[in-house]
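Please work through the exercises below with the sequence and the structure open beside you. Each task is followed by a solution that goes step by step.

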Amino acid sequence: MWVKLCCLLLYFLALFVLARVFEAVAWYESGFLATQLVDPVALSFRKLRTILECRGLGYSGLPEKKDVRELVEKSGDLMEGELYSALKEEEASESVSSTNFSGEMHFYELVEDTKDGIWLVQVIANDRSPLVGKVHWEKMVKKVSRFGIRTGTFNCSSDPRYCRRRGWLKSTLIMSVPQTSTSKGKVMLKEYSGRKIEVEHIFKWITAHAASRIKTIYNSEHLKEEWNKSDQYRVKIYLFANLDQPPAFFSALSVKFTGRVEFIFVNVENWDNKSYMAEIGVYKTPSYILRTPEGIYRYGNNTGEFISLRAMDSFLRSLQPEVNDLFVLSLVLVNLMAWMDLFITQGATIKRFVVLISTLGTYNSLLIISWLPVLGFLQLPYLDSFYEYSLKLFRYSNTTTLASWVRADWMFYSSHPALFLSTYLGHGLLIDYFEKKRRRNNNTDEVNANNLEWLSSLWDWYTSYLFHPIASFQHFPFDSDWDEDPDLFLERLAFPDLWLHPLIPTDYIKNLPMWRFKCIGVHSDEETLETFQDSESDSDSENKEVFSSEKEVSEDDDLNTFHSRSAGEPRCGAETCSCANKYCHHEPCERKARSYGSYSTAGDMEPDWSAWPSEMLHCTECVVCLENFANGCLLMGLPCGHVFHQNCIVMWLAGGRHCCPVCRWASYKKKQPYTHPQPLSSDTPS
């Protein structure tokens, strides 16, 4: 999880750097930045009209370019970034969908039960034509959708009784606006009564009703009273402008942030004395001033703070977020982090997607489960102070320059989703490349595994959990011997084939002890070979006599003799080997015994037994490959105490032989640790 989190943070850092590179390239090519102000005089009439449409100001009665330019200047400063976004939005000309209501319940659920939005619904009476034609209605839908106003069509033929009860006997337009200034308040429906059925006139009617919800101040005394008043709203935003009514985006935001932010319009058109404005820090109009308990903030001075609905919406969401906003943000971050598993996981393609689906399900389930107690705690009245301190922290952090950069980058990448997805894919491919290179350097075999091999291993894993649930959840070392469990014993009796071929997972192998073989002294190869040959011939004769005289002893006597030797004789020291005992009835044991005996004659080369785990038996040869331990080689020990080359014993165990090659003790089963006895004193009687 932490690896995926670090990869996601690196991706966000790369996006931040890439955005700065784009700004530098745009400045080099065009000579201006996104925050640079634009002189409206230099713009064409079409561009000025586009800006007014994005801000939500009517221009139907202004035929001259000069009047349109003055209206743009009165609504706020124009930046290069806002001009670029407005022109790009106009060129896109995407079709906006409109809802078709099926009846009373559908209308009530979407329109009357929605407390934080504006709806424009065209009602078509029985056997009547619509009030607004198809072409004009499509233009109206596109125009109002810029400000978050949703649209729909209600045909009375689908529910005539509801239309009669409402009094909709002729085709008309219905507008739904929240009636109160509190969150989740009542909704009032207003019917269009104008005579002119044109887009601009209908839009003026919509903006007038939306602006009526905003508190308007017309003189300095009223402003002074409102500025010094303390009420339920902790955050207020003031618009000081010389306009008849606030722009449509300002009115739409007042509906969207009902109960969280109070919107106040200060009309300074007929003011003679503006001294109090200078006292509170307002020196020019138009100005957008945000007033919080921490102070005032002038909107529009930092990066990405445009006079538009989208820019101000992201700004206010960062200052006064809802719980739903935080949940959506956490959901996006968690899913982005989970998708990193597609590139971090190595091996077969099917394996990658199986791991990805598992990670997505796990992370989203944990996210939802973790949010449930948070929602419960937020309902407690004792956490009001904690909630206020959290909002204070949001306001402090999101009014910084770095936060404005982050908001600007968010708006840029969200308006270019193809760029966002391509950079995410490129970042994932880089992670996949470096992860594959790292695992190849570590000699990991799963990098080259194909789909069939991985599916085969997945089936083995599934069957091991299905038929041996107790063994599958045990990890070495553990205290209890699961072979003695009566339930598993009865289970094996029910499946004879599983008794002969147990399916044991190989998870315990990674917990087996590993260390490196080290020698204290070093001798020449010729002396080693000569000493090895001499000692081998001597040990052969001795071991053959021992094996021939004792091979007819029963298995129970062998086990008793094995334990008695463990208690009374020193094994596998510099002179002897613990593997050369009667318990080992296999040819590898005899060869191993010869190895231990051969090594005892090498007096000038002594193994460093201090590096060995205390429970491991001392020996110098691997009975799997029949080769002596070289200085610096990697060793691995089993629970029984026998030691082998790490590669040899891993291949032995992975092949399904889950037992010691020497004593046949289960490799996943813990055994009482072996303690080396004290050496015999020199005065022992012969």
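The exercises that follow concern a predicted model, and they begin with its confidence before turning to individual residues.

**Exercise 1. Find where confidence in the protein is lowest and where it is highest.**

Solution. Begin with the protein as a whole, which averages a pLDDT of 76, with 74% of the residues scoring at least 70. Next, go to the elements: helix α24 (residues 555-568) has the lowest confidence, at a mean of 38, whereas strand β15 (residues 643-645) has the highest, at 93. Then look at residues 468-486, where pLDDT stays under 50 and for which the model has 42 contacts beyond four places in sequence. Finally, turn to residues 679-686, where the pLDDT is also below 50, and where the model has zero contacts beyond near neighbours in sequence.

**Exercise 2. Describe residues 1-19, and decide whether Lys4 is buried or exposed.**

Solution. First, consult the record: in an unreviewed entry, UniProt lists residues 1-19 as "signal peptide". Second, examine the model over residues 1-19, where the chain is 95% helix and 0% strand, with its end C-alpha atoms 27 Å apart. Third, place Lys4 in helix α1, which covers residues 2-30. Fourth, apply the cut-off: Lys4 has a relative accessible area of 9%, and because buried means under 20%, Lys4 counts as buried. Last, list what surrounds Lys4: leaving aside neighbours within four places in sequence, Lys4 is in contact with Met337, Met340, Asp341, Ile344, Thr359 and Tyr363, and a polar contact of 3.2 Å joins the side chains of Lys4 and Tyr363.

**Exercise 3. Work out how strand β3 is joined to β1 and to β2.**

Solution. Start with strand β1 (residues 99-101), which runs parallel to strand β3 (residues 150-155) and is joined to β3 by three bridges. Within this pairing, Asn100 has Thr153 of β3 as its bridge partner. Continue with strand β2 (residues 119-124), which is also parallel to β3 and is joined to β3 by six bridges. Here Gln122 stands opposite Thr153 in β3.

**Exercise 4. Determine how Met175 is placed, and which residues touch the most other members of the largest nonpolar core.**

Solution. Locate Met175 in strand β4 (residues 172-178), and note that Met175 is buried, with a relative accessible area of 0%. Follow the chain to Leu189, which is 14 residues away from Met175, although their C-alpha atoms are separated by 5.6 Å. Beyond four places in sequence, the contacts of Met175 include Ile118, Trp119, Leu189, Trp205 and Ile206.

Now take the largest nonpolar core, which has 64 residues, and in which Ile206, Phe263 and Met312 touch the most other members. Not counting residues up to four places away in sequence, Met312 touches Ile237, Phe249, Phe250, Leu253, Tyr288, Tyr299 and Phe306. Apart from this core lies another, of 29 residues, among them Trp612, Met616, Cys660 and Val662.

**Exercise 5. Find the cis peptide bond between Thr285 and Pro286, and examine phi at Leu626 and Arg664.**

Solution. The cis bond joins Thr285 and Pro286, with omega about 0 degrees, and Pro286 is found in the loop between α11 (275-279) and β9 (287-292). Leu626, which is not a glycine, has a positive phi of about 60 degrees, and Leu626 is found in the loop between β12 (621-622) and β13 (627-628). Arg664, also a residue other than glycine, has a positive phi near 65 degrees, and its place is in the segment after α26 (646-654). As a last step, compare exposure: Leu626 counts as partly exposed at 33% relative accessibility, and Arg664 counts as partly exposed at 39%.

Methods
Residues are numbered from 1 along each chain as its sequence is written. This is a predicted model: local features need pLDDT of at least 70, side-chain atom pairs count only at pLDDT 80 or more; totals for chains, interfaces and linings use all residues. Side-chain values use heavy atoms; hydrogens and water are left out. UniProt positions are given in the numbering used here, feature names are shortened, and annotations may be inferred rather than shown by experiment. Helices (H or I, at least four residues) and strands (E, at least two) are DSSP runs, numbered from the N terminus. A nonpolar core is a set of buried Ala, Val, Leu, Ile, Met, Phe, Trp, Tyr and Cys residues joined through side-chain atoms within 4.5 Å. Buried means under 20% relative accessible area, exposed over 50%, partly exposed in between (1.4 Å probe, protein chains only). Contact means heavy atoms within 4.5 Å. A polar contact is a pair of N or O atoms within 3.5 Å; within protein, one must be able to donate a hydrogen and the other to accept it, and residues adjacent in sequence count only if both atoms are side-chain atoms. pLDDT is the predictor's confidence in each residue, from 0 to 100. Two strands pair if DSSP finds at least two bridges between them.
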